[in-house]
Amino acid sequence: MIHPVIMAGGTGSRLWPMSRQLNPKQFLKLTNGPLSMLQATVARLEGMDAANPLLICNEEHRFLAAEQMRQSGHEDTRIILEPCGRNTAPAIALAALQLTEAAESGADDPLMLVLAADHLIKDVTAFQEGVKKAIPLAREGKLVTFGIVPNHPETGYGYIHRGTELGPDSYLVDKFVEKPDQATANGYLDSGEYLWNSGMFLFGARQYLEELEAHRPDILAACRAAIADTADDLHFTRINAERFAECPSDSVDYAVMEKTDKAAVVSLDAGWSDIGSWSALWEVSDKDAAGNSLTGDVITHNTANTLIRADSRLVATVGVDNLVVIETKDALLVAHKDSVQDVKTVVERIKTDGRHEHMNHREVYRPWGVYDSIDNGARYQVKRITVKPGAKLSVQMHHHRAEHWIVVSGTARVTNGEKTYLVTENQSTYIPVGQVHSLENPGVIDLELIEVQSGSYLGEDDIVRYEDRYGRK
């Protein structure tokens with residue numbers, strides 16, 4: 001049995017405005033119909049002899065990750081929460097330490113299949129066959145990476161130069177090389193000896209820790225200290241934040257793979273992409289006869305080779321070519337496909353200007369449901385709130401705002417000071433400033449309501465929580 005370890009960190013700023021800091025690309029439905037990229041990563045494990053996935057994600061994404069795993073039928077997935085980002089070598093070390101601790105004494109070294117949550121793989125059968133080829137190498141103590149057979153001279157990926165052949169599509173790693181210039185990438189493609197570095201791995205958990213001990217003992221020591229002091233909260237494993245913050249930040253490639261003499265590579269031709277930009281998404285998307293990839297309510301005229309995604313309204317284009325047009329409820333991006341790497345610059349400008357569009361969408365997911373900020377002004381804000389059946393918001397109080405709740409559908413159980421009562425369709429209630437209150441959906445269908453906030457300060461940080469079933473107190 002293999003143990004999938006899915007790394008779901010990162011913010012995906014190059015895919016703004018769809019990808020946001022609190023809702024990054026691994027949680028978005030970009031390429032897989034009804035599935036997010038994380039859910040598609042989980043789905044491609046079906047049919048393999050694999051344990052329940054172990055997920056590693058940022059603390060602020062915990063409820064989004066847990067809900068998507070629940071929707072995928074993996075309610076019992078353990079999720080390790082990183083209090084801060086420290087790159088892939090420490091993240092994998094945390095998973096390896098947890099797997100080795102859970103393994104029975106004298107048992108085989110647990111095989112870790114390390115995957116990124118934001119990769120596209122079109123040919124699942126080829127992917128699973130590649131993993132099967134890697135298993136005997138990992139059992140022999142090799143640290144196996146998966147190299148993608150290149151189909152064009154890509155300058156945005158690192159490469160692996162394959163060495164001695166070990167078996168079908170399996171080789172020792174001769175060397176890892178950095179992202180090349182165009183002429184060098186042309187040479188790599190022509191030689192047939194180079195593979196794209198995918199960032200996916202298969203190796204024994206103990207074997208990885210031994211190599212990390214040999215080459216970066218400082219990383220391993222910090223991870224051991226962090227995971228020695230854990231707290232389990234629902235399905236989350238919280239590590240010691242202070243100890244983990246002291247851990248050096250380094251990738252698994254730099255920390256281990258480029259230094260070890262046990263690196264092997266299995267070549268993989270499975271329609272892989274890391275969807276690192278809007279142009280990369282256009283490349284792998286279905287297109288019409290004019291080369292356009294269209295999603296949502298879109299009308300085109302004399303438009304070619306263009307990616308258009310409309311989230312909330314009609315988008316029309318006339319006489320354009322080679323563009324990216326991305327519309328969300330609160331932002332619009334128009335870029336030339338050759339310049340999409342500079343989207344990160346726009347995100348940095350948004351941060352510098354003190355704006356909020358880099359943080360989250362207008363629609364915000366919470367463990368109890370979702371809210372959409374549909375209107376706001378100087379002293380008011382209007383939200384459409386959906387509460388899942390059986391879910392309850394925290395018992396809370398606000399210092400600066402009052403709230404009016406109007407139920408559109410379903411039934412709300414409202415605690416308003418000392419009183420608790422039901423509010424049904426077409427009824428409303430009022431929560432004064434400073435009143436301790438809570439909202440719960442006792443029914444079996446979604447509770448939909450409109451919330452009108454009014455007051456001198458309407459920020460989400462004006463919340464004093466007294467009770468919270470999701471650990472946010």
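**View 1. The stretch that UniProt labels "domain: Nucleotidyl transferase" covers residues 4-289.** This label comes from an unreviewed UniProt entry, and what you're looking at is a predicted model. Pick out the C-alpha atoms at the two ends of residues 4-289, and you'll find them 39 Å apart. Helix makes up 34% of the span and strand makes up 24%.

**View 2. The protein is split into three domains.** Domain 1 takes in residues 2-273, domain 2 runs over 278-353, and domain 3 covers 363-467. How far apart are the centres of domain 1 and domain 3? Going by C-alpha atoms, the answer is 40 Å.

**View 3. Here's an open sheet built from four strands.** Follow the strands across and you get the order S14-S16-S18-S19, with mixed pairing. S14 (293-295) and S19 (332-336) sit at the edges; each has a single partner strand, so one side of each has no neighbour in the sheet. From one strand to the next, the twist averages 5°. Now zoom in on S14 and S16 (residues 307-310): they pair in the parallel sense, over three bridges. Which residue of S16 stands opposite Leu-294? That's Ile-308. As a bit of background, strands in a sheet pair through backbone hydrogen bonds, parallel or antiparallel.

**View 4. Strands S25 and S28 run antiparallel.** S25 (residues 412-416) is joined to S28 by four bridges. One pair to look for is Thr-415 with Ser-438, its bridge partner in S28. Along S28 (residues 437-440), His-437 and Leu-439 point one way, while Ser-438 and Glu-440 point the other way. Are these four buried or exposed? All are buried, Glu-440 included. In a regular strand, side chains alternate between the two faces of the sheet.

**View 5. Some cysteines here, but zero disulfides.** A disulfide is a covalent bond linking the sulfur atoms of two cysteines. To count as one, the two sulfurs must be within 2.5 Å. Start with Cys-57: the closest cysteine sulfur, in Cys-84, is 13 Å from its own, so that's too far for a bond. Cys-57 is also buried, with a relative accessible area of 0%.

**View 6. Cys-223 has its closest cysteine sulfur in Cys-247.** Why don't these two form a bond? Their sulfurs are 4.1 Å apart, which is too far. Cys-223 is buried, and its relative accessible area is 0%.

Conventions. Residues numbered from 1 in each chain as written. Predicted model: local features only at pLDDT ≥ 70, side-chain atom pairs only at ≥ 80, totals over all residues. Heavy atoms only, no water. Domains from an automatic or database assignment. UniProt positions renumbered as here; feature names shortened; annotations may be inferred. Pairing = 2+ DSSP bridges. Axes fitted to C-alpha atoms, helices over the stretch in contact; angles between N-to-C directions. Buried < 20%, exposed > 50% of the residue type's maximum accessible area, 1.4 Å probe, protein only.
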